[in-house]
Amino acid sequence: MLVVDDDPTVAEVVTGYLRRAGYDVDRAADGHQALAAAARRPDLVVLDLMLPGIDGLEVCRRLRATEYGAALPVVMLTAKGDEADRILGLELGADDYVTKPFSPRELVLRVQSVLRRAGASVPAAGTVARGDLTLDPQARRAYRSGRELTLTLREFDLLAFFLRNPGAAFGREELMQRVWGWDFGDLSTVTVHVRRLREKIEDDPAAPLLISTVWGVGYRFDPVGS
C-alpha cells in the first residue's frame, strides 16, 4: 500500500493506523515520488490532492493512463471545501475519498472497503451478457463487442448492477446503497460514476441510449437502448 501526503504528521498517523490494521505501507511526499512508487504496483494508493510538484489530480490522471494503474484502487484525501476538486478526482477515476479533517479509523475502514471490492469475487452467476456488453464477475473484466473495457472498481460494480437489473429505474441514494453499500455520502459520486461509465459504453455519451436518465427518479439501464 502507498500513502502519498506532503504533511509528515498526517502521513505518519495514516501510515501508523494502516500498519496496525495489518498492511505493509510505503510513503511518498510528492507527486514524482508517488508515480515512481506506484510503478511498484501497490495494492492501493491513499492520495492527497494538495502535493508539491505534481498535484494529486495529475498523479491520478497519469496513473489511470498506465497499464498497471488503470485499475489500481485510489482513495483520495480532500479538503472540506474542495467539492470541485473532489468531483474532478472521481471523474479521473478515484474509487473513494475522505474529507479532511478525518478520523484515521474512518480512513482505514474506507481502505478496507475498497480492497474488499477489489478482491471480491462476485457470487453465484458467471458471465452476464446484455446486448453487446459482457461481464465476467470472477475475473472482474467487462467487454463491449469483444473489446475489453478499462473500468475502475466502482465503474465495474455499477455496470454489474445495471446488467443484472435491466429495465428498472433506480435513484441515486438507492444506487449508492445497493451498489457500494453506503448508507450516506455525496450523491454527486453516483452522478460522476454514471457519467464516466457512459463515456466507456455509449456510442454518444451526450445522448445515451444504454443508461437513461429518468427525471425525478435516477437512472435506468436498457440493454438495447430502447
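Among the contacts in the protein chain that join residues at least 6 apart in sequence, 53% are between residues at least 24 apart, and I should say straight away that what we are looking at is a predicted model. The chain is built from eight helices and twelve strands. For its 226 residues, a compact globule would be expected to have a radius of gyration near 17 Å, and the value for this chain, 18 Å, agrees with that. Taken along the principal axes, the C-alpha atoms fill a box of roughly 55 × 35 × 30 Å.

As for burial and surface, 48% of the 226 residues count as buried, while the chain exposes about 10700 Å², of which carbon and sulfur atoms supply 50%. The chain carries 29 positive and 33 negative charges, and the mean positions of these two sets lie 4 Å apart.

Let me turn to one helix, α7, which spans residues 172-180 and in which Leu 175, Met 176, Val 179 and Trp 180 are buried. Those four residues cover an arc of only 100° around the axis, and therefore they sit on the same side of α7. As a general reminder, an α-helix has 3.6 residues a turn, so residues three or four places apart point the same way. After α7 comes Gly 181, with a positive phi near 75°.

Now to some backbone details in the loops. Which residues other than glycine have a positive phi? Two examples are Arg 41, with a phi of about 60°, and Arg 140, with a phi near 50°. Arg 41 belongs to the loop between α2, residues 31-38, and β3, residues 45-48, whereas Arg 140 is in the loop that runs between β7, residues 133-136, and β8, residues 141-144. Are these two arginines buried or exposed? Arg 41 counts as exposed because its relative accessibility is 56%, but Arg 140, at 17%, counts as buried because the cut-off for that class is under 20%.

A further loop, between β5 (96-100) and α5 (104-119), holds Pro 101, and the peptide bond leading into this proline from Lys 100 is cis, with omega near -5°.

Finally, Asp 24 is located in the loop between α1, residues 8-20, and β2, residues 26-28, and with a relative accessibility of 69% this aspartate counts as exposed. Although Asp 24 and Pro 42 are 18 residues apart along the chain, their C-alpha atoms are separated by 9.4 Å.

Definitions and conventions:
Residues are numbered from 1 along each chain as its sequence is written. This is a predicted model: local features need pLDDT of at least 70, side-chain atom pairs count only at pLDDT 80 or more; totals for chains, interfaces and linings use all residues. Side-chain values use heavy atoms; hydrogens and water are left out. Helices (H or I, at least four residues) and strands (E, at least two) are DSSP runs, numbered from the N terminus. The radius of gyration is taken over C-alpha atoms; the globule rule is 2.2 Å times the number of residues to the power 0.38. Buried means under 20% relative accessible area, exposed over 50%, partly exposed in between (1.4 Å probe, protein chains only). Contact means heavy atoms within 4.5 Å. Accessible areas come from the Shrake-Rupley method with a 1.4 Å probe; for residues, only the protein chains shown count as cover. Lys and Arg count as positive and Asp and Glu as negative; His and the chain ends are not counted. The place of a charge is taken as NZ of Lys, CZ of Arg, CG of Asp or CD of Glu. The arc is that of the directions from the helix axis to the C-beta atoms.
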